[in-house]
Amino acid sequence: MSSGRYEVAYANLTIGILGFSSFLYGKRDDLLASMVAFARWFFADGIGHVVSLVVDQNNAPSNAGSVLYTDLQTLAGPSPALDQSR
């Protein structure tokens, strides 16, 4: 595995720990920050998939399959979780 993949894995772990701990301890501002970071990151990944699909004609399932839809739908996820943290 390349070192870049480890960096992405550590970033995922950091956002996950921040979100989980802020949910457990009831720190709403930290929870909001972690959800915004997560949503922006995955939405940007989704835009990258769309650009790759249109510009490079990359129709591979790992680019234009379910990962494309889940990346673009992450903006809908933060609202219900934020409501439950009250």
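From the N terminus onward, the elements of the chain follow the order α-α-α-α-α, and the chain accordingly contains five helices and zero strands. The model described here is a predicted one. Of the 86 residues that make up the chain, 22% count as buried. The surface exposed by the chain amounts to about 6100 Å², of which carbon and sulfur atoms supply 63%. With regard to contacts within the chain, among those with a separation of 6 or more, 55% are accounted for by residues that lie 24 or more positions apart.

Helix α2, which covers residues 28–55, includes Ile47, and Leu31 is likewise placed in helix α2. The two residues can be described by their accessibility in turn. Leu31 has a relative accessible area of 6% and is therefore buried, since the cut-off for that class is under 20%. Ile47, by contrast, has a relative accessibility of 39%, and because this value falls between the limits of 20% and 50%, Ile47 counts as partly exposed. Leu31 is also paired in space with Phe20: the two residues are separated by 11 residues in sequence, and their C-alpha atoms are 7.9 Å apart.

Ile47 takes part in a nonpolar patch on the surface, in which it is joined by Val50, Val51, Val54 and Val55. Taken together, the residues of this patch have about 410 Å² of accessible area.

Beyond helix α2, the chain enters the loop that leads to α3 (61–64), and Gln57 lies in this loop. Although Gln57 is not a glycine, its phi is positive, at about 55°. The relative accessible area of Gln57 is 56%, and Gln57 is therefore classed as exposed, the cut-off being over 50%.

A further residue of interest, Asp71, is located in helix α4, which comprises residues 66–72. The relative accessibility of Asp71 is 5%, which is under the 20% limit, and Asp71 is therefore counted as buried. When its neighbours within four places in sequence are left aside, Asp71 is in contact with Phe42, Phe43, Asp45, Gly46 and His49. Helix α2 spans residues 28–55, so that these contacts of Asp71, a residue of helix α4, are made with residues numbered within the range of helix α2.

How values were computed:
Residues are numbered from 1 along each chain as its sequence is written. This is a predicted model: local features need pLDDT of at least 70, side-chain atom pairs count only at pLDDT 80 or more; totals for chains, interfaces and linings use all residues. Side-chain values use heavy atoms; hydrogens and water are left out. Patches are made of residues with over 30% relative accessible area and no salt bridge: like charges are joined within 9 Å, nonpolar side chains (Val, Leu, Ile, Met, Phe, Trp, Tyr) within 5 Å. Accessible areas come from the Shrake-Rupley method with a 1.4 Å probe; for residues, only the protein chains shown count as cover. A salt bridge is a side-chain nitrogen of Lys or Arg within 4 Å of a carboxyl oxygen of Asp or Glu. Helices (H or I, at least four residues) and strands (E, at least two) are DSSP runs, numbered from the N terminus. Buried means under 20% relative accessible area, exposed over 50%, partly exposed in between (1.4 Å probe, protein chains only). Contact means heavy atoms within 4.5 Å.
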